[in-house]
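Here is a short briefing to read alongside the model. Keep the 3D view open and follow the topics one by one.

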Amino acid sequence: MPLKILCLHGYRQDAGYFKEKFGGFRKIVKNIAELVFIDAPHIIPNDNPAEGSCLRPGRGWWFTQKERTFDPQLDSNVCVGFDESLQLIKETFEAHGHFDGILGFSQGAALAALLCALQQNEELEYSFNFVILIAGFISRSNYHKSLFKESISINSLHVMGETDQVIPKSMSEELSEKFKSPVIVHHPGGHFIPTNSLYKSQYLAFLTKIPVSEK
């Protein structure tokens with residue numbers, strides 16, 4: 001039985017766009033994992049479809065301003081739409097029975113990290129065994145600051161680019177420090193996941209150590 005992994009796309013993406021761009025990783029794990037991609041619940045207002053996914057408006061998991069915009073580097077007292085995303089994740093777990101792990105990219109990785117913190121704090125009605133965070137970061141919303149009070153013990157793989165101009169490597173490193181035993185993959189590129197043979201071996205080494213749930 002393969003691992004079942006819930007995949008959370010980045011800001012201004014959607015499930016279809018993320019799945020397409022993630023083709024290299026899907027090929028790497030095709031024999032050991034089933035990947036399930038879902039749309040974030042919020043359409044970005046006034047978004048330019050050309051910057052989104054396949055000429056469709058982009059989506060987001062939450063917003064840091066009341067005007068429903070998002071800035072990963074901005075401290076904010078606003079967290080519009082986050083509760084709706086939590087509810088969607090809960091319903092997705094219920095619909096699929098279980099997921100062994102969660103994979104997130106950019107804002108999706110920030111959300112996945114928050115889910116790890118909520119699980120650590122025993123605030124989730126479901127559970128998962130590992131997380132893969134690609135270009136992840138700690139949410140700057142004051143609404144989330146209390147969630148990272150203690151180190152998170154879940155198995156975690158952190159992928160970060162040395163030249164990432166969207167989520168600087170320092171932000172991903174800051175997030176990795178919130179986990180007790182993070183496995184860190186550095187690559188020389190930007191805001192993407194590398195899939196050549198060097199990185200393929202590291203992803204497979206991490207995933208093959210994860211026991212498959214019997215649920």
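Glu122 lies in the loop that links H4 to E6, and in this predicted model its phi is positive, at about 60 degrees, although Glu122 is not a glycine. With a relative accessible area of 72%, Glu122 is exposed. From this loop we can move to the sheet, then to the helices and a buried histidine.

**Loop residues with positive phi**
- Besides Glu122, which sits between H4 and E6, have a look at Arg12, in the loop between E1 and helix H1 (15–21).
- Arg12 is not a glycine either, yet its phi is positive, at about 75 degrees.
- Is Arg12 buried, partly exposed or exposed? Its relative accessibility is 32%, so Arg12 counts as partly exposed.

**The sheet as a whole**
- Six strands form an open sheet with parallel pairing, and their order is E2-E1-E5-E6-E7-E8.
- The edges are taken by strand E2 (33–38) and E8; each has a single partner strand, so one side of each has no neighbour in the sheet.
- On average, neighbouring strands of this sheet are turned by 20 degrees against each other, direction ignored.
- Helix H4 packs on the sheet, where it touches E1, E5 and E6. The direction of H4 makes about 145 degrees with that of E5.

**Strand E5 and its neighbours**
- How enclosed is strand E5 (residues 101–105)? Of its 5 residues, 5 are buried, so E5 is largely enclosed by the rest of the structure.
- In a regular strand, side chains alternate between the two faces of the sheet.
- On one side of E5 are Gly101, Leu103 and Phe105, and on the other are Ile102 and Gly104; all are buried, and both faces of the strand are covered.
- Strand E1 (residues 3–8) runs parallel to E5, and 4 bridges join the two. Among the bridge partners, Leu6 is matched with Ile102 in E5.
- E5 also pairs with E6 in the parallel sense, over 5 bridges. Here Leu103 has Ile132 in E6 as its bridge partner.
- To get from E5 to E6 the chain passes through H4, and this β-α-β crossover is right-handed.

**Strand E7 and its neighbours**
- In strand E7 (residues 155–161), 6 of the 7 residues are buried, so E7 is largely enclosed by the rest of the structure.
- Strand E6 (residues 130–134) pairs with E7 in the parallel sense, over 5 bridges.
- Two places to find along this pairing are Phe130, which stands opposite Asn155 in E7, and Ile132, whose bridge partner in E7 is Leu157.
- E7 pairs in the parallel sense with strand E8 (residues 182–187) too, over 6 bridges. Leu157 has Val183 as its bridge partner in E8.
- You can therefore step across the sheet from Leu103 to Ile132, from Ile132 to Leu157 and from Leu157 to Val183, while E7 itself is largely enclosed because 6 of its 7 residues are buried.
- A right-handed β-α-β unit is made by E7, helix H5 (residues 169–176) and E8.

**Helices H3 and H4**
- Two packed helices are described by the angle between their axes and the distance between the axes.
- Helix H3 (residues 82–96) packs against helix H4 (residues 107–120) at an angle of about 75 degrees, and their axes are 12 Å apart. This makes H3 roughly perpendicular to H4.
- Which residues meet where these helices pack? From H3 come Phe82, Leu86 and Ile89, and from H4 come Leu111, Leu114, Leu115 and Leu118.

**The buried histidine, His144**
- His144 is placed in the loop between E6 and E7.
- The relative accessibility of His144 is 0%, so it counts as buried.
- A polar contact of 2.6 Å joins the side chain of His144 to the side chain of Ser139.
- Setting aside neighbours within four places in sequence, the residues in contact with His144 are Trp62, Cys79, Phe82, Leu114 and Ser139.
- Two of these names may be familiar from the helix packing: Phe82 in H3 and Leu114 in H4.

Methods. Residues numbered from 1 in each chain as written. Predicted model: local features only at pLDDT ≥ 70, side-chain atom pairs only at ≥ 80, totals over all residues. Heavy atoms only, no water. Buried < 20%, exposed > 50% of the residue type's maximum accessible area, 1.4 Å probe, protein only. Pairing = 2+ DSSP bridges. Right-handed = clockwise from strand over helix to strand, strands pointing away. Polar contact = N/O pair within 3.5 Å; in protein donor to acceptor, adjacent residues only side chain to side chain. Contact = heavy atoms within 4.5 Å. Axes fitted to C-alpha atoms, helices over the stretch in contact; angles between N-to-C directions. Parallel < 35°, antiparallel > 145°, perpendicular 65-115°, else oblique.
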